[in-house]
Amino acid sequence: MLPILTLALTMTGKYKDVLMLALSIVSPHGANIASGKKTLEVRSWCPQYLPIRDLLIVENSVFLSRDMPIDPYGKAVAIVDIEEIHEWQPNEVVAACSSGWESGYWAWSLSNVRAIENGQFICAKRKLYEVDFDLSGL
């Protein structure tokens, strides 16, 4: 089962460093998610388990691939929940902030979006991955 959120209390009783599940999104779509403009994330794959709560969205500027699996210059922009995934439909192009529709993809419904102002820099990776995240600035 995927970890949802592991919290570590500091001496002051405030949450600080947490282990979170993250998903990298190419710019400007991370910002579109944080602003509420993009309500569907379209992927060619599905996660193994649902729901995924408190998923950290990391925006990066490079399309990640097998040849380029990491972008060290990602930035945390939002925390979201994924409760439902379905086959992407032609009438969902606007919700995905896409330029066109193609069959064979999955639409991840984004909910409970919490934008992160002045997010910290986090390495962007492919698929779902775990990161240490500092919640003290939120």
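Let's start with the largest nonpolar core in this predicted model. That core has 16 residues, and the ones touching the most other members are Leu23, Leu55, Ile57, Val80, Ile82, Trp108 and Leu128. Where do these core residues come from? Strands β2, β4, β5 and β6 each supply at least two of them. If you want to find those strands on the screen, β4 runs over 52-60, β5 over 70-87 and β6 over 106-115. The largest share, five residues, comes from β5.

Let me pick out Leu55 from that group. Setting aside neighbours within four places in sequence, Leu55 is in contact with Leu21, Ala22 and Leu23, then with Ala78, Ile79, Val80 and Ile82, and also with Leu128.

There is also a second core, separate from that one, with 15 residues. Its members include Met20, Ala22, Leu64 and Tyr129. Keep Leu64 and Tyr129 in mind, please, for my last stop.

That stop is Ser24, which sits in strand β2, residues 15-26. Is Ser24 buried or exposed? Its relative accessible area is 7%, and because buried means under 20%, Ser24 counts as buried. So what is around it? Again leaving out neighbours within four places in sequence, Ser24 is in contact with Arg43, Val58, Asn60, Leu64, Ala124, Lys125 and Tyr129.

Two of those partners deserve a closer look. Ser24 and Leu64 are 40 residues apart along the chain, and their C-alpha atoms are separated by 8.7 Å. With Tyr129, the link is polar: the side chains of Ser24 and Tyr129 make a polar contact at 2.8 Å. Thanks, everyone, and do have a look at Ser24 on the screen!

Definitions and conventions:
Residues are numbered from 1 along each chain as its sequence is written. This is a predicted model: local features need pLDDT of at least 70, side-chain atom pairs count only at pLDDT 80 or more; totals for chains, interfaces and linings use all residues. Side-chain values use heavy atoms; hydrogens and water are left out. Helices (H or I, at least four residues) and strands (E, at least two) are DSSP runs, numbered from the N terminus. Buried means under 20% relative accessible area, exposed over 50%, partly exposed in between (1.4 Å probe, protein chains only). Contact means heavy atoms within 4.5 Å. A polar contact is a pair of N or O atoms within 3.5 Å; within protein, one must be able to donate a hydrogen and the other to accept it, and residues adjacent in sequence count only if both atoms are side-chain atoms. A nonpolar core is a set of buried Ala, Val, Leu, Ile, Met, Phe, Trp, Tyr and Cys residues joined through side-chain atoms within 4.5 Å.
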